[in-house]
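Here is a walk through one protein model, from its overall make-up to its sheets and helix packings. Keep the structure open beside the text.

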Amino acid sequence: MASPRIILYTNRGCPWAHRVHIALKELGLAYEEVTIDLTTPREPWYLEINPRGLVPSLSYDGQIITESAVVARFLADAYPSHLFPPSTSVENALYRARLDFFVDSFFSKVIPHFWTGVRADSQEERDQAAQAFVDAVAKELEPLLVSGKGPYYGGSEKLTLAEVLSGSFLLRINSFAKPEYGLLSAKLHTLLETVPKFKRWLEATVQHESVNGIYDEEAVATGTKERLLSANMGTRSLICIYYKGRFMVAQYTQWDGYLEGQGWGILQFLLVPGNIERLKAGMEFITVVDEDTVQQLAEGHEYNTYDRLGQRVCQCGAVAPMSGPSPCVPSTLSRDTGSKLFELIASARSDSYMPFLLSLDFATDGLFCEYCYCVDLDNDTFELFGGHTRNVKGEEDAGHQKTGKFRFSAVHPQAEWTPNFLKAFSFSDLPKDLDDMLAKVTADNSANVEYEVDDEKDSDEDEHDEEEKSHETGAEAEK
Ligand SMILES: N[C@@H](CCC(=O)N[C@@H](CS)C(=O)NCC(=O)O)C(=O)O
């Protein structure tokens, strides 16, 4: 039989993709590796392979398989080996079920404490997470591990599917606790003495060359640290949809508010043919709710599980706010959703519940609201605002306009600051990509270091200048 052509679409820094590397190596299968850059939006050719845009994806003689656990299991099933016995007897089926339960316990009961540790804001929280991690190991995993001959799952002397699926995480647990990285409590290694079977399993697994062969410890640890740092300094923005003569969405967004972040996310959505019609159709199903309703909704959730990014989520998919002891809220109300809200709305059906809280007041927050975006479905425009400028009430009154630079001053005529208008793009003339958008915004604003408030200037002119510049976060300032 000719060897199959196997192509692995991967990124070696991704623990999920890493699972497939382990499986392929351990099975001795030759494959081509295609690296997907996860720092830029996925290109259309890759979205055809995996519409979710995630790595890993596997092409097996042209058949596409996605989701790391599915791919690993496919390989283990297609090539029966020490990794996973074929399900040809009840005994084997039972072994497979037990192994699945072990892996499930690892990811649902133990790994959440790993993420808590990595995201901890203080040494104390980090130490608590390490203790909680070891407690969960003692309760959930230690009893499932045997002191057999070999150190791997079930006392195996060879790697099993359990290590294929867990190994990339064990590598991270092991290395992140090293003092040079400090991503997990340095006490973790000592605490692990209390769970000797797990400790032996972890140490044997991370030393196995099929597991650690592609792991670049320093790159992964420092990359994780950098991502956490930039996430903690979130750039906030307000994302709005104006439709049928009113704001129907004004979503406070915590992260990546800048043009290259949420701005580009919105543009990408608008650029897909058909999306604007889908959005309009989905708008029929959204419900604007007040703070009390949000509170009631939050009370109905328990954010006791974790998604693939390590965020606490409810079983129903609601995402918890990232910090503080806040209850979880539906994705449409989450400050993490950002430009993804467009796809959420566009995918809504008549039985969807899509509550939105109008956070229009945030537009006037000259300190924290760094960018605003408004998709106006009445006028077919996409408006971008960066930084703030003084609100000039007289002009608004004269024009009775509610679009462009008057978009937010019309809502808050008395506010001192209003979002600084950068550019409006008509849907029929949207920028073709991010560079095009940035170039057009910059072209319109390069002379606009001082905002249009000259007539107000008097003897404290210099003071005003300084104040206004400090509020500027437009395209120029971003560069
Ligand atoms: N459940 C997926 C998770 C894969 C996943 O989250 N991959 C991340 C990288 S570690 C990714 O592709 N992220 C790209 C993105 O979210 O745009 C699996 O197991 O394959």
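The paragraphs below begin with the whole chain and then go through the sheets, the helix pairs and one residue.

This is a predicted model: local features need pLDDT of at least 70, side-chain atom pairs count only at pLDDT 80 or more, and totals for chains, interfaces and linings use all residues. Residues are numbered from 1 along each chain as its sequence is written.

The protein has 18 helices and 13 strands. Both are DSSP runs, numbered from the N terminus: helices are H or I with at least four residues, strands are E with at least two. Of the 479 residues, 37% are buried. A residue is buried if 20 or more other C-beta atoms lie within 10 Å of its own, exposed if 12 or fewer, and partly exposed in between, with C-beta atoms placed from the backbone. Two residues are in contact if their C-beta atoms, placed from the backbone, lie within 7 Å. Among contacts between residues at least 6 apart in sequence, 67% join residues at least 24 apart.

Next, the sheets. Strands of a sheet pair through backbone hydrogen bonds, either parallel or antiparallel. Here two strands pair if DSSP finds at least two bridges between them. One open sheet has four strands in the order β2-β1-β3-β4, and its pairing is mixed. β2 (32-35) and β4 (63-66) each have a single partner strand, so one side of each is left without a neighbour in the sheet. Neighbouring strands are turned by 20 degrees against each other on average, direction ignored. Axes are lines fitted to C-alpha atoms, for helices over the stretch in contact, and angles run from 0 to 180 degrees between N-to-C directions. Strand β3 (residues 57-60) runs antiparallel to β4, joined by four bridges. Y60 has Q63 in β4 as its bridge partner. Helix α1 packs on this sheet and touches β1 (6-10) and β3. The direction of α1 makes about 150 degrees with that of β1.

A second open sheet has five strands, ordered β6-β5-β11-β12-β13, again with mixed pairing. Its edge strands are β6 (246-253) and β13 (417-426), each pairing on one side only. In this sheet, neighbouring strands are turned by 20 degrees on average, direction ignored. Strands β5 (residues 237-243) and β11 (residues 371-376) pair in the parallel sense over six bridges. I241 has V375 in β11 as its bridge partner. Helix α11 (residues 259-271) packs on the sheet, touching β5, β6, β11 and β12 (381-390). The direction of α11 makes about 10 degrees with that of β11. Helix α16 (residues 434-445) also packs on the sheet, touching β12 and β13, and its direction makes about 125 degrees with that of β13.

Now the helix pairs. Two packed helices are described by the angle between their axes and the distance between the axes. Angles under 35 degrees count as roughly parallel, over 145 as roughly antiparallel, 65 to 115 as roughly perpendicular and the rest as oblique. Helices α1 (residues 15-27) and α3 (residues 68-78) pack at about 10 degrees, with their axes 8 Å apart. That makes α1 roughly parallel to α3. The α1 side of the contact includes W16, V20 and L27, and the α3 side includes V71 and L75.

α1 also packs against helix α6 (residues 161-176), at an angle of about 125 degrees and with axes 8 Å apart. The two are therefore oblique to each other. Among the residues that meet are H18, I22 and E26 in α1 and V164, F169 and R172 in α6.

α6 has a further partner in helix α4 (residues 90-119): their axes come within 11 Å and cross at roughly 20 degrees. α4 and α6 are therefore roughly parallel to each other. The contact includes L99, F102 and F106 of α4, and L165, F169 and I173 of α6.

Finally, what surrounds A138 in helix α5 (residues 123-141)? A138 counts as partly exposed, with 15 C-beta neighbours inside 10 Å. Leaving aside its neighbours within four places in sequence, A138 is in contact with T194 and V195. A138 and V195 are 57 residues apart along the chain, yet their C-alpha atoms are separated by 6.0 Å.
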